[in-house]
Every structure is written in C-alpha cells, then in structure tokens.
Amino acid sequence: MIDNTSKNLRRRQRQSRARNRFEGSAQRPRLNVYRSLNHIYAQVIDDGSGHTLLAVSSKQKALDIKVGGNLAAAKAVGAAVGQQAKAKGIEAVVFDRAGYPYHGRVKALAEAAREAGLKF
C-alpha cells in the first residue's frame, strides 16, 4: 500500500509528539528551528506566556548572508541566536528541532548556538 501522507505532514506529526514531552518556560525557554529550502529561522519562545522573546533568520540584512539555505547561513543564525539570548540574560534553552532530523543545517545551528554560550 502506498503512503499518501506528505513529508511535511509526517514532520508535523513528529513535531506534535515531541511538544508533548517538553515545554519552554521563563527560566528555560524553547529554541525553535524552522528550515525552508531557501532560509533557516530560529525563535526563542516562552511557552508559559506565549511570547516570542527573540527571533533570527537568514533573511536579516544585519547578518550579511549571501545564500540563506546552506550550512554557513545556519551557523551564522545559530551564533546570532546565542549572542542575542545571552544579551537578554537567557543562559539555557530547550532545543526544539520541530520534527527535523538532527543533521545538516539543524545540527549546524545548534552547535553554533552552543559555541555562543547557550546551554541545552
């Protein structure tokens, strides 16, 4: 039998299962990652209050990224998230890979955020 569910639908199902296990708080917010074909996005979210504390994407002019969908862009976004979180007094986060495999751009973003001083 052929599986008619799309890749994105299966990813969303994995994402919802993971969200049942962890939640971001004011002391330890959630670092959410979204990747598209052309860009990568990261948000630090306090789930208790439902507010986004900071957001960084490869589209931002300040990062000066030529191509937004590669490993270099993911590393730049991860470093920027780490620096901005430290500036806001956020030391530790819960990493939410949103159903994506911990590989490639998602892994590069996470490692760059760790190198910038975030703990997760």
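# Sheet and helices in a predicted model

Me: In E2, what is the bridge partner of Tyr34?
Reply: The bridge partner of Tyr34 in E2 is Tyr41. Strands here are DSSP runs (E, at least two residues), and helices are DSSP runs too (H or I, at least four residues), numbered from the N terminus.

Me: What kind of model is this?
Reply: It is a predicted model, where local features need pLDDT of at least 70, side-chain atom pairs count only at pLDDT 80 or more, and totals for chains, interfaces and linings use all residues. Residues are numbered from 1 along each chain as its sequence is written, and side-chain values use heavy atoms, with hydrogens and water left out.

Me: Back to the bridges. How many join E1 to E2?
Reply: There are 6 bridges between E1 (residues 30-35) and E2 (residues 40-46), and the two strands run antiparallel. Val33 also has a partner in E2, namely Ala42. Two strands pair if DSSP finds at least two bridges between them.

Me: What joins E1 to E2 along the chain?
Reply: A hairpin, through 4 residues.

Me: And E1 with E4, parallel or antiparallel?
Reply: E1 and E4 pair in the parallel sense, over 3 bridges. Arg30 stands opposite Val94 of E4.

Me: In what order do the strands form the sheet?
Reply: The order is E3-E2-E1-E4, in an open sheet of 4 strands with mixed pairing. E3 (51-57) and E4 (94-96) are the edge strands, each pairing on one side only. From one strand to the next, the twist averages 20 degrees.

Me: Which strands does H2 lie across?
Reply: H2 lies across E1, E2 and E3, and runs at about 145 degrees to E3. H3 lies across E1, E2 and E4, at about 145 degrees to E1. Angles run from 0 to 180 degrees between N-to-C directions, and axes are lines fitted to C-alpha atoms, for helices over the stretch in contact. Contact means heavy atoms within 4.5 Å.

Me: How do the axes of H2 and H3 cross?
Reply: The axes of H2 (residues 71-87) and H3 (residues 105-115) come within 7 Å and cross at roughly 35 degrees.

Me: Which residues make that contact?
Reply: On H2 they include Leu71, Ala74 and Val77. On H3 they include Arg105, Ala108 and Leu109.
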